[in-house]
Amino acid sequence: MEQDRPAKLKIGKEHIMTTQHPRMQNSLGDILENRYSARSFLPIVLPRTQIEHLLEAAALAPSWCNTQPWRAYVACGPMLQRISKDLIVAARDRVDVPDIPFVSEYPKPYDCRKQAADAVLREARGLDTTDYRGQIEAVRSNWLFFNAPQALFLTVPKSFGPYALLDLGCFLQSFLLACVAEGLAACPQASLARYPKAIRSHLPIDTDESLVCGVSFGLPDPAAGANRCRTGRAGADEFANFYDQ
């Protein structure tokens, strides 16, 4: 029903949604508009056949010379709990470094976009800048996979260079959109790649593979404030350049 659909994204502005997206999407525009990074999930395990379906849909993504350089490691149940425990310890001790260096500082205008996104997420979670304990718990929730009962870890061969990351980005976006089309939600998380030793201690990820990111996914919790967070997008006039002569 039309009244159940969420409001259109306000381009260039962050805001909080007051309704959840419909279970099934009818067009690519709907899917793109309703994709968001869910940060709270219901404890409902997805069937393996459904996860395989999502991965096969994602694998339709383009890649250089059809090399399909991505690898996906899916963890759930007790395995995911063990990984979570070790990630929390690694984050506490800070004894590891990511396979791909993290960006330490963003210049303008990128820093402004990051700060705006951080602010709207704090608001959605009901936090303020002085609630240090709440902010620490919010960060910690990354390594709890936002309570998702399943997650996947994505890698590419180190020897393939940066273009493999472009291919993986296509795969990742396809996976995220496939989740929306199935009435699910997901959250791509660089934080899950910050401590690769903790992941490799449980999953057979070779050292010649770069652990790029993880993805928590499943049925989103409609009652969670964090799931009402929506970030704005710059208009085409801010990033596109046209030349006709």
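**View 1. How much of the protein is tucked away, and how its parts are ordered.** Of the 245 residues in this protein, 40% count as buried, where buried means under 20% relative accessible area, exposed means over 50%, and partly exposed is in between (1.4 Å probe, protein chains only). Keep in mind that this is a predicted model: local features need pLDDT of at least 70, side-chain atom pairs count only at pLDDT 80 or more, and totals for chains, interfaces and linings use all residues. Residues are numbered from 1 along each chain as its sequence is written, and side-chain values use heavy atoms, with hydrogens and water left out. The protein has eight helices and six strands; these are DSSP runs numbered from the N terminus, with helices (H or I) of at least four residues and strands (E) of at least two. Going along the sequence, you meet them in the pattern β-α-α-β-α-α-α-β-α-β-α-β-β-α. Take the contacts (heavy atoms within 4.5 Å) with a separation of 6 or more: 83% of them come from residues 24 or more positions apart.

**View 2. Strand S4 and its partner, strand S5.** S4 covers residues 185-189, and four of its five residues are buried. It pairs with S5 (residues 209-218) in the antiparallel sense over five bridges; two strands count as paired if DSSP finds at least two bridges between them. To find your way around, start at alanine 185, whose bridge partner in S5 is glycine 218. In a regular strand, side chains alternate between the two faces of the sheet.

**View 3. Two cysteines, and a search for disulfides.** Cysteine 187 is buried, at 2% relative accessibility, while cysteine 76 is partly exposed, with a relative accessible area of 37%. How many disulfides does a search of the whole structure find? The count is zero, going by the rule of two cysteine sulfur atoms within 2.5 Å.

**View 4. A nonpolar patch on the surface.** Here Trp64, Tyr163 and Leu166 form a patch with about 360 Å² of accessible area together. Leucine 166 sits in helix H6 (residues 162-181). Patches are built from residues with over 30% relative accessible area and no salt bridge, joining like charges within 9 Å and nonpolar side chains (Val, Leu, Ile, Met, Phe, Trp, Tyr) within 5 Å. As for the whole protein, about 14200 Å² is exposed, and carbon and sulfur atoms supply 56% of it. Accessible areas come from the Shrake-Rupley method with a 1.4 Å probe, and for residues only the protein chains shown count as cover.

**View 5. Arginine 92 with aspartate 93, and lysine 108 with aspartate 111.** A salt bridge is a side-chain nitrogen of Lys or Arg within 4 Å of a carboxyl oxygen of Asp or Glu, and the count comes to eight. In one of them, arginine 92 meets aspartate 93 at 2.9 Å, N to O. Arginine 92 is exposed at 61% relative accessibility, and aspartate 93 is partly exposed at 37%. Lysine 108 and aspartate 111 make another, their closest N and O atoms being 3.6 Å apart. Lysine 108 is exposed at 64%, whereas aspartate 111 is buried at 15%.

**View 6. A salt bridge along helix H5.** Glutamate 137 and arginine 140 both lie in H5 (residues 132-143), three residues apart, about one turn of the helix. Their closest N and O atoms are 3.9 Å apart. Glutamate 137 is partly exposed at 42%, and so is arginine 140, at 33%.
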